[in-house]
Amino acid sequence: RVKSKWAQTRPKFPSTTIALQNFDTTYSMQLGNLWPSVRVAMLSEQKYGALINNFSLTASIITSGLEAEGCIDFIGSHQHSKDSMSLHEDSAEVDVSKPAAHDPRINPDIKCLVFPKGDLSRFKPSRPDSSGLLGYYLLDAASVLPVLALDVQLGHTVLDLCAAPGGKTLALLQTHTVSYLWANDLSGSRTARLRKTLQSYLPREYLEENKIQISSFDGCKLGPTEEKRFDRVLVDVPCTTDRHSVMVEDNNMFNRSRTKERKSLPLLQIQLLMAGIQTARPGGDIVYSTCSLSQLQNECVVQQAIHQAQEVGISVQVQDLGWLTQCFSNTFYFAPQLSVGELVLPHLCANFGPIYMCKLRRSN
Ligand code: SAM
């Protein structure tokens, strides 16, 4: 017999609690004694970065204004950061004043300003210039790293497979190097948001030049069917969005109704990465990224995709991103020694991430 009163008042666990319990189990094993501090950081207010929109007429005034408030362009300033202490005690010896020998020249046109370590000031919302374009886009500063890792060069064609709401697309376009960009996202409503973002940040003429294509396809299906081959492919997949999952009830992956969807994420991620590999040209680069700490969604996905690619006769090699972590170890706290890729760990002194990224090069 169902006791309806009891059924109605039975305590329900919020999705955020379920997420935290799940992470306590998996991440304490994965991260060992780093987990308690990462956990505290993820439960604290996240820090943002202001990606400067150099299409705005007021970009340099806005940059100077933010610098006057104490902000630092973490990308441009890495060459002058010799005097500041690295977040890693054991890497204080590393001279980050010089880019590493194989540093593929970090694009100087991507500028992302952050408040210094320990400074918890918030950015004001960006305001439009006289032509209506917004001066900066607020995002997790660590999410610019996959774009830097992609290393887009002049004339490149780029596919952004899961692009909405468009933070990374916007960062890519700041380089002024892309000859053609295809920004795709499965979700129609999110693709509409992406379009709106681009309209708020890019001059209309630029959007009308046929340089940018926006679409709403299932990225998994693009791989085998698409005939175009791209110099660079960004595969920024849907994941458990760990920080959101422990903080926000709305649209939470750990809601019981989404258990099946959550458990099938690694499968979807492998399919999307495979599609990314298939659409890259031989010699082209693919960057896979998530905002999760999960080994299952990060390293395991990459390893499985490399294996599956081999089975269909495509050879891909993992590219070393040590130069990137060396350059930015003053700004981000990177996880020590992963089997493949790099991971920004949330840290109370630098509360960015989590962001995982791995770069692959297709050789045939
Ligand atoms: N790159 C975006 C940015 O920087 O703003 C964030 C992308 S978000 C992490 C992942 C995106 O993947 C979501 O917008 C989601 O709609 C999209 N997505 C989910 N399944 C997909 C699929 N099968 N094909 C393409 N996009 C998909």
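**Notebook: loops, one helix, one strand, one ligand shell**

I began at Asn 251, which sits in the loop between helix H10 (242-247) and helix H11 (259-263). I kept in mind that this is a predicted model. Asn 251 has a positive phi of about 55°, although it is not a glycine. Buried or exposed, I wondered about Asn 251? I found 11 C-beta neighbours inside 10 Å, so Asn 251 counts as exposed; the cut-off for that is 12 or fewer.

Next I went to Asn 210, another non-glycine with a positive phi, this one about 65°. I placed Asn 210 in the loop between helix H8 (204-207) and strand S7 (212-215). Asn 210 has 7 other C-beta atoms within 10 Å, so I put it down as exposed.

**Cis prolines**

I then looked up peptide bonds. The one from Ala 164 to Pro 165 is cis, with omega near 5°. Pro 165 belongs to the loop between strand S5 (157-160) and H6. I also noted a cis bond from Gly 353 to Pro 354, again with omega near 5°. Pro 354 is in the loop between strand S12 (342-345) and strand S13 (355-362), which gave me a reason to come back to S13 later.

**Helix H4**

Which residues of H4 are buried? In this helix, residues 59-68, I found Ile 62, Thr 63 and Leu 66 buried. Looking down the axis of H4, I saw these buried residues fall within an arc of 100°, so they line one face of the helix. That made me recall the general rule: an α-helix has 3.6 residues a turn, so residues three or four places apart point the same way.

On the other side of H4 I listed Ser 60, Ile 61, Ser 64 and Ala 68 as exposed. What do the buried residues of H4 pack against? I get strand S1 (49-52), strand S3 (112-114) and strand S4 (136-139). After H4 comes Gly 70, and I read its phi as positive, near 105°.

**Strand S13**

Back to S13, where I checked burial. Seven of its eight residues are buried, so I describe the strand as largely enclosed by the rest of the structure. Then I went through its pairings. Strand S9 (residues 280-290) is joined to S13 by six bridges, and the two run antiparallel. Across from Tyr 288 I found Cys 358 of S13.

How many bridges join strand S10 (residues 316-319) to S13? I count four, antiparallel, and Gln 319 stands opposite Lys 359 in S13. S12 also runs antiparallel to S13, through three bridges. Here I wrote down Glu 342 as standing opposite Met 357 of S13. Since S12 and S13 flank the loop that holds Pro 354, I filed that cis bond from Gly 353 with this pair.

**Ligand shell**

Last, I looked around the ligand. Of the 19 residues there, I have Cys 162, Lys 168, Leu 186, Gly 219 and Asp 236 coming nearest. Which elements give two or more residues to this shell? They are helix H6 (167-173) and helix H9 (219-225). I had already met H6 at one end of the loop that carries Pro 165. Sorting the shell by class, I have eight nonpolar, six polar and five charged residues.

Technical notes. Residues are numbered from 1 along each chain as its sequence is written. This is a predicted model: local features need pLDDT of at least 70, side-chain atom pairs count only at pLDDT 80 or more; totals for chains, interfaces and linings use all residues. A residue is near a molecule or strand if its C-beta atom, placed from the backbone, lies within 6 Å of it. Ala, Val, Leu, Ile, Met, Phe, Trp, Tyr, Cys and Pro count as nonpolar, Asp, Glu, Lys and Arg as charged, and the others, Gly among them, as polar. A residue is buried if 20 or more other C-beta atoms lie within 10 Å of its own, exposed if 12 or fewer, and partly exposed in between; C-beta atoms are placed from the backbone. The arc is that of the directions from the helix axis to the C-beta atoms. Two residues are in contact if their C-beta atoms, placed from the backbone, lie within 7 Å. Two strands pair if DSSP finds at least two bridges between them.
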